[in-house]
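Please report on the structure shown here. Cover the ligand site, the sheets and the unusual backbone geometry.

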Amino acid sequence: MHRFDQTSTRATIDAVLAYAADRLSLDPVPLDAPRSPEELAEAAGRTVTPEGLGAAKALEVFAEVLAPACLSVDHPRYLSFIPCAPTKEAAAFDVVVGASSIYGGSWLEGAGAVHAENEALRWIADLAGLPPQAGGVFVPGGTIGNLSALVAARHSARARAVAAGSDVRPWRVATTYGAHSSIQSACDVMDAELVTVPMDEHWRLSAAALRATLEEHGAQTFFAVVATSGTTNFGVVDDLAAVAEVCAEYGVWFHVDGAYGGAGLAAPSVRHLYDGIEQADSFIVDPHKWLFAPFDCCALLYRDPALARAAHTQKASYLDILTEAPEWNPTDYSVGLTRRARGLPLWYSLATHGTQAYTDAVERTLQVAAYAEEEIGRRPYLEVLRERDLSVVVFRRVGWTPADYAVWSQRLLDEQVAFVVPTSHEGETVTRIAVVNPETSEEDIRVVLNSMT
Ligand SMILES: *Cc1c(COP(=O)(O)O)cnc(C)c1O
């Protein structure tokens, strides 16, 4: 007898896949909304029991109670934070990845998957202009991507310091105020010190300010400089070429955090903003943000992957057969060991549509963001805070208090119109829309702006 009752397995598979197919075909998708823990406990009842609910009942609870209590991040009017709008192909293929029991950590076990993931990584490396030997791995998100890159940076800086007979063990990271919170978090994990470089008048990390910071603290105490290619809040792209030059001058690792904005590399209309990225020692972009892949997927690339391998390869006798092999083991390039082949949904969609479709889709979102910015400019009751670089627009409703924003935002959600939340800038409550969904239209923007009169 099986340990699990598998008598109705085929029917269960059909029902689960049918549910997935239905969800993938919904147009429009429901926005949905969270519920309180008490409401959910009441509505779902006890779900984990000694006897089990049975497949049909468990799926019913998910479909009727749990799923509607989760926001659809792919809704065209989900415009908060950074949405996630996978292509149908990418989202559907995620089901295949789950069904295929692939171990994505080593070549020995997952060669075919790793090959495909590396093709997708190569496309991104080429967009950035990284050299042929560049490579890396898909990790769960920008946070782990940034941490992994910084661990590699520190490992290599310390090795160089030791080799040079220096007793300085570099422990600092330089970045700007606009950098993502995950950089601070990585520094906390690594017990490293984050030094904030003042931004220039365009809110960018500039060469002059960076040089001054490195000089003030001693350049040899830094193991990395983090530039952001698209800050999460405002979409500001740092002056990458200037930062690259300073990093080269001082011999400090140059990391570019493009978790949100890196996708703009695919768009000719904004590609010039990224000049200098080709000199990065490491670079991340989240395909689950603006490259139409489902959660959770961050592409982490290194100029010289050997430096990352030296920092990240786990050594254990049961792993020797893997770590001593000459092939590409993705797990050697980041924090973590076991890994899902999470780059495959992106790969499948890229292979299906071709890269031009990606360029077109990113350009389309930029067009809608530009429309939003113009439309805000045309309305006397609204004001843009900073001219847009990418697809994020931050603006204020003249005369509104924080409470007004809160009431408005809740009403939009309650009425299932849109999900747009307040944010703050220098103590002022404002709001922000991020367009990464090619299905978001000019009409969607008008609906949101009209709701603020
Ligand atoms: C979102 C974001 C991150 C963090 O990425 P996660 O995938 O959420 O872990 C890091 N940096 C920037 C610039 C981001 O926008």
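The report below starts with the overall layout and then turns to the ligand, the sheets and the backbone.

## Layout

This is a predicted model. The protein is divided into three parts: domain 1 (1–30 + 34–68), domain 2 (95–353) and domain 3 (355–450). Domain 1 is listed in two segments, 1–30 and 34–68. The C-alpha centres of domain 1 and domain 3 lie 35 Å apart.

## Ligand site

Which residues come nearest to the ligand? The shell around the ligand holds 14 residues, and G142, T143, D257, D286 and K289 come nearest. By class, this shell has two nonpolar, nine polar and three charged residues.

Two helices each supply at least two residues of the shell: α6 (142–163) and α10 (287–290). Helix α6 gives the most, with three residues.

Oxygen atoms of the ligand make polar contacts with G142, T143 and K289. The table lists these contacts.

| Residue | Protein atom | Ligand atom | Distance |
|---|---|---|---|
| G142 | polar backbone atom | oxygen | 2.7 Å |
| T143 | side-chain N or O atom | oxygen | 2.7 Å |
| K289 | polar side-chain atom | oxygen | 2.9 Å |

Taken alone, the ligand exposes 380 Å². The protein buries 86% of that area.

For G142, the contact is made by the backbone. For T143, the side chain supplies the N or O atom. The side chain of K289 also provides a polar atom, at 2.9 Å from a ligand oxygen.

## The seven-stranded sheet

Strands of a sheet pair through backbone hydrogen bonds, either parallel or antiparallel. One open sheet here has seven strands in the order β1-β7-β6-β5-β4-β2-β3, with mixed pairing. Its edge strands are β1 (135–139) and β3 (193–197), and each pairs on one side only. Neighbouring strands of this sheet are turned by 20 degrees against each other on average, direction ignored.

Within this order, β7 sits between β1 and β6. Strand β6 (residues 282–285) and strand β7 (residues 298–302) run antiparallel and are joined by four bridges. I284 stands opposite L300 in β7.

## The four-stranded sheet

How are the strands ordered in the four-stranded sheet? This open sheet runs β8-β9-β11-β10, and its pairing is antiparallel. Strands β8 (382–384) and β10 stand at the edges with a single partner strand each, so one side of each has no neighbour in the sheet. The twist averages 45 degrees from one strand to the next.

Strand β10 (residues 422–425) pairs with strand β11 (residues 428–434) over four bridges, in the antiparallel sense. The two strands form a hairpin with two residues between them. Two opposed pairs can be named along it. H425 has E428 in β11 as its bridge partner. S424 stands opposite T429 in β11. In the turn, E426 has a positive phi of about 45 degrees.

## Backbone geometry

Most residues other than glycine have a negative phi, and most peptide bonds are trans. Several sites in this model depart from that pattern.

Where are the cis peptide bonds? One joins D27 and P28, with omega of about 5 degrees. P28 is placed in the loop between α1 (9–25) and α2 (37–44). Another joins F295 and D296, with omega of about -5 degrees. D296 lies in the loop between α10 and β7. Helix α10 also supplies at least two residues of the ligand shell, and β7 pairs with β6 in the seven-stranded sheet.

Positive phi values occur too. S101, a residue other than glycine, has phi near 50 degrees. It is found in the loop between α4 (88–99) and α5 (107–128). E426, in the β10–β11 turn, has a positive phi of about 45 degrees.

Terms used
Residues are numbered from 1 along each chain as its sequence is written. This is a predicted model: local features need pLDDT of at least 70, side-chain atom pairs count only at pLDDT 80 or more; totals for chains, interfaces and linings use all residues. Side-chain values use heavy atoms; hydrogens and water are left out. A residue is near a molecule or strand if one of its heavy atoms lies within 4 Å of it. A polar contact is a pair of N or O atoms within 3.5 Å; within protein, one must be able to donate a hydrogen and the other to accept it, and residues adjacent in sequence count only if both atoms are side-chain atoms. Accessible areas come from the Shrake-Rupley method with a 1.4 Å probe; for residues, only the protein chains shown count as cover. Ala, Val, Leu, Ile, Met, Phe, Trp, Tyr, Cys and Pro count as nonpolar, Asp, Glu, Lys and Arg as charged, and the others, Gly among them, as polar. Domain bounds come from an automatic or database domain assignment. Two strands pair if DSSP finds at least two bridges between them. Axes are lines fitted to C-alpha atoms, for helices over the stretch in contact, and angles run from 0 to 180 degrees between N-to-C directions.
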